[in-house]
Amino acid sequence: MAIFPQPIISPSPDAVEFWESAREQRLILPFCNACQAHFFYPRSGCPSCGSRDIAWVQASGRGEIYSYCIHYSTSIPELRNAVPFVTALVTLEEGPRMMTCLVDVEPEPMAVHCGMAVEVTFVKSTNGFMVPMFRPT
Ligand SMILES: [Zn+2]
């Protein structure tokens, strides 16, 4: 089974609540109360309408692969022991896309495809954060 990268997380001020929820293995998304849209990544203003009336809402944790890349090498020293690994752009059920890693999947082209259904799981980072990653459903 694939070994996954364990990134070092340093949250921006806008993402502190996201990472605190992730620590409890809950995936939350910013939601704009003005235009009623989810968005990602976390930031203080809505990327669609500019409103700062933002709430955090629970995400289903389900989505599908929009695109992916199997990494057979990396220039990042901390990830050299993790190759091969799969990064993916996942379209969440709520609409936003999230850059992530896939786990519990063989890192080979026959095992991964665009449109594949995935669900969130949480992987502990090198510095103790829980990182949302995705696995096939
Ligand atoms: Zn908005």
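In this predicted model, strands E5 and E6 run antiparallel to each other and are joined by 6 bridges. One of the places where the pairing can be picked out is Ala88, which sits opposite Thr100 in E6. The two strands make a hairpin with 4 residues between them, and there Gly95 adopts a positive phi near 120°. On its other pairing, E5 meets E4, again in the antiparallel sense, this time over 8 bridges. Ile70 has Val86 in E5 as its bridge partner. E4 in turn also pairs with E7, antiparallel and over 3 bridges, and here Gly63 faces Val118 in E7. Strands of a sheet are held together by backbone hydrogen bonds, in either a parallel or an antiparallel arrangement.

These strands also carry the largest nonpolar core, a set of 19 residues in which Val86, Ala88, Val90, Cys101, Leu102 and Phe134 have the most contacts. At least two core residues come from each of E4 (62-71), E5 (85-92), E6 (97-102), E7 (117-124) and E8 (130-136). E5 gives the largest share, with 5 residues. Nonpolar side chains tend to be buried together in soluble globular proteins. Two of the residues just named turn up in the pairing as well: Val86 as the partner of Ile70, and Ala88 as the residue across from Thr100.

Phe134 gives a handy view of how the core is put together. Setting aside neighbours within four places in sequence, Phe134 contacts Gly63, Ala88, Val90, Thr100, Leu102, Val118, Glu119, Val120 and Thr121. That list takes in both members of the Gly63 and Val118 bridge between E4 and E7, along with both members of the Ala88 and Thr100 bridge between E5 and E6.

A little further along, Thr137 lies in the segment after E8. Thr137 has 11 C-beta neighbours inside 10 Å and therefore counts as exposed. Even so, Thr137 touches Ala117, Val118 and Glu119, residues up to four places away in sequence not being counted. Its C-alpha atom is 9.5 Å from that of Gly63, although 74 residues separate the two along the chain. Val118 and Glu119 are thus shared ground, being listed among the contacts of Phe134 and of Thr137.

A second sheet is built from earlier strands. Three strands make up this open, antiparallel sheet, in the order E2-E1-E3. E2 (37-38) and E3 (54-58) are the edge strands; each has a single partner strand, so one side of each has no neighbour in the sheet. E1, residues 28-32, is linked to E2 by 2 bridges, and the two run antiparallel. Cys32 has Ala37 in E2 as its bridge partner.

The backbone has a few oddities worth a look. Most residues other than glycine have a negative phi, and most peptide bonds are trans. Gln36, in the loop between E1 and E2, is not a glycine yet has a positive phi of about 55°. Gln36 is exposed because just 9 other C-beta atoms lie within 10 Å. Asp104 likewise has a positive phi, near 55°, without being a glycine; Asp104 sits in the loop between E6 and E7. With 13 C-beta neighbours inside 10 Å, Asp104 counts as partly exposed. Cis peptide bonds show up too. One joins Phe40 and Tyr41, with omega about 20°, and Tyr41 belongs to the loop between E2 and E3. Another joins Val83 and Pro84, with omega about -5°, and Pro84 falls in the loop between E4 and E5.

Zooming out, the protein has 1 helix and 8 strands, and from the N terminus the elements run α-β-β-β-β-β-β-β-β. The radius of gyration is 15 Å, close to the 14 Å that the globule rule gives for 137 residues, so the protein is as compact as a globular protein of that length. The C-alpha atoms fill a box of roughly 45 × 30 × 25 Å along the principal axes. Of the 137 residues, 22% count as buried. Among contacts between residues at least 6 apart in sequence, 55% link residues at least 24 apart.

Key:
Residues are numbered from 1 along each chain as its sequence is written. This is a predicted model: local features need pLDDT of at least 70, side-chain atom pairs count only at pLDDT 80 or more; totals for chains, interfaces and linings use all residues. A nonpolar core is a set of buried Ala, Val, Leu, Ile, Met, Phe, Trp, Tyr and Cys residues joined through C-beta atoms within 7 Å. A residue is buried if 20 or more other C-beta atoms lie within 10 Å of its own, exposed if 12 or fewer, and partly exposed in between; C-beta atoms are placed from the backbone. Two residues are in contact if their C-beta atoms, placed from the backbone, lie within 7 Å. Two strands pair if DSSP finds at least two bridges between them. The radius of gyration is taken over C-alpha atoms; the globule rule is 2.2 Å times the number of residues to the power 0.38.
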